[in-house]
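Thank you for making time this morning. I would like to walk through one part of a structure that is new to most of us, taking a sheet to begin with and then the helices around it.

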Amino acid sequence: MFSLARCTFSAIALLSLLPRHSFARSLVFDDYASRHTTPDAILDTHNVTHHVARDPDSPPTSPKLVVAHFMVGNTYPYVVDDWIRDIKLASSKQINAFALNLGADDWEIGRIADAFKAADRCDRELGISFKLFLSFDMSVIPCNHTEDASLVRKYINVFTSSDSYLMYHDKPLVSTYAGESCTFGQDSLDKAWLHTLRTGASRDVTFVPFFNMDPIGFGELTSVDGIFNWNSGWPRDGKDLDFYSDQLHISDLGGRVYMAAVSPWFFTHYGPDSYNKNWMYDSDKWLFAQRLEMLAEHRDHIDIIQVISWNDFGESHYVGPIEGAQPMSESWTTGYDHTGFLELLNYYVPAFTTGQDVSQSIANDRVFLWGRLSPAGATTDDPVPKPDGAKDAQDAVWGVVHLTESALVTLSCGSSSQTFPLDPGSSKIKLDLQEDCAVRAVINKSGQNTMDWSPDGYKFNTHPSTYNFNCFVAVS
């Protein structure tokens, strides 16, 4: 029934180690159109002369936004009501828009048209103002020849006139995954995107792509109005999470739009007989919470946060419900609901958009727990080998605790137990795991247990049957 046309291993993907995937749009273009040095010093000392979208010394002319990366390729069975459900949920967690990752498959255009119908209905019938914008997946969209620009232009011409399209700096926002290798028949990257976006399209746009390249090259690009730093969502090369990559991008943009990434996890487990993607990134040390705190701390230099992702099940970094068409990822996503990350995100959004302290959003005690359900060192009969990067994974429960007043919080699993004296506000806790056990959290105030919680399904198993390095998420 489904076409697996958007294979994940492309030349771009090999270079970046960040391949995209999805199920392989009905031809409704005309129909829809008719209806609608030191890191801290970098920011201060590194100046580049180039085209800028705004004065670097002036504040952004558009509000700070939080958007979520949405894989259209995983929506083959979607209808308008499915989009409405997702929009309502995302909006309730203070997400402003979906970045619609789209490829070259013909049926995707129909789903995108449905998405805009849904957003229009949410605004008209429910009073929910939620926006959408196009993010072209250039790892699968052809872009070598002059005529290849027609697909990109056609999407822009059709959808950017919608009332539900996201405007940024008074123009429709357009993004990409990859595209740094595109030529569109031109002799340079800059000319390629100038040719595609500045000629032949019906509207000028605010172009903020992810180009997997040295940030110093951004200074020469007059075609872009900013950059999305996809790779900033995870620590890389064995280093702890930091803001260094962000700083490099920001300094070389010279005041243009900066879109930063945040992601809760990364694990993919495809064998050579399918997508041949089998690795993980370091997602330990409270990655999601740490990154959100970092972005809030540096909010003056960031325009947009993009959450990676809403529904990329194949790479295990989804925060939305498991719905739609999975890209053969059921073996590591079934039973692994991640909407707890969405709950956690809701507390951090005001910290980024307004500068409000996270503690001001805490109205009651809550515990957020996540982690893998088996040891990194375990061996199995899984026909797909252990993922690259597994040897560095920590066997632990990662927790964020929200308290309205001081308390003792005990996290336990079998013989492993630790009690943390915590102050009001948001705190991080961790428990190392070493045996078969069930996770339990207890909050004690003045000698009385006010919470004694054993999350359903949160059980650590030292003898797993497969190499599942996805994370289990639970919220009290």
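**The sheet and its helices**

What you see here is an open sheet built from four strands in the order 16-13-12-20, with antiparallel pairing, and I should say at once that the model is predicted. Strand 16, residues 425–432, and strand 20, residues 472–475, stand at the edges, and because each has a single partner strand, one side of each is left without a neighbour in the sheet. From one strand to the next, the twist averages 15 degrees.

If we look at strand 12, residues 366–371, and strand 13, residues 396–403, we find them running antiparallel and joined by five bridges. To place yourselves in this pair, find Arg366, which stands opposite His402 in strand 13.

Let me turn now to the helices. Helix 11, residues 339–353, lies across strand 12, strand 13, strand 16 and strand 20, and its direction makes an angle of about 130 degrees with strand 12.

Which helix packs with helix 11 at an angle of about 15 degrees? That is helix 9, residues 287–297, and the axes of the two are 9 Å apart. Angles under 35 degrees count as roughly parallel, and helix 9 and helix 11 are therefore roughly parallel to each other. Helix 9 passes helix 11 in a right-handed crossing. On the side of helix 9 the contact is made by Phe288, Ala289, Leu292, Glu293, Leu295 and Ala296, while helix 11 brings Phe341, Leu344, Leu345, Tyr348, Ala351 and Phe352. Sorted by character, the residues of this contact are eleven nonpolar, no polar and one charged.

How values were computed
Residues numbered from 1 in each chain as written. Predicted model: local features only at pLDDT ≥ 70, side-chain atom pairs only at ≥ 80, totals over all residues. Heavy atoms only, no water. Pairing = 2+ DSSP bridges. Axes fitted to C-alpha atoms, helices over the stretch in contact; angles between N-to-C directions. Contact = heavy atoms within 4.5 Å. Parallel < 35°, antiparallel > 145°, perpendicular 65-115°, else oblique. Left-handed = near helix turned anticlockwise from the far one by under 90°. Nonpolar A, V, L, I, M, F, W, Y, C, P; charged D, E, K, R; others polar.
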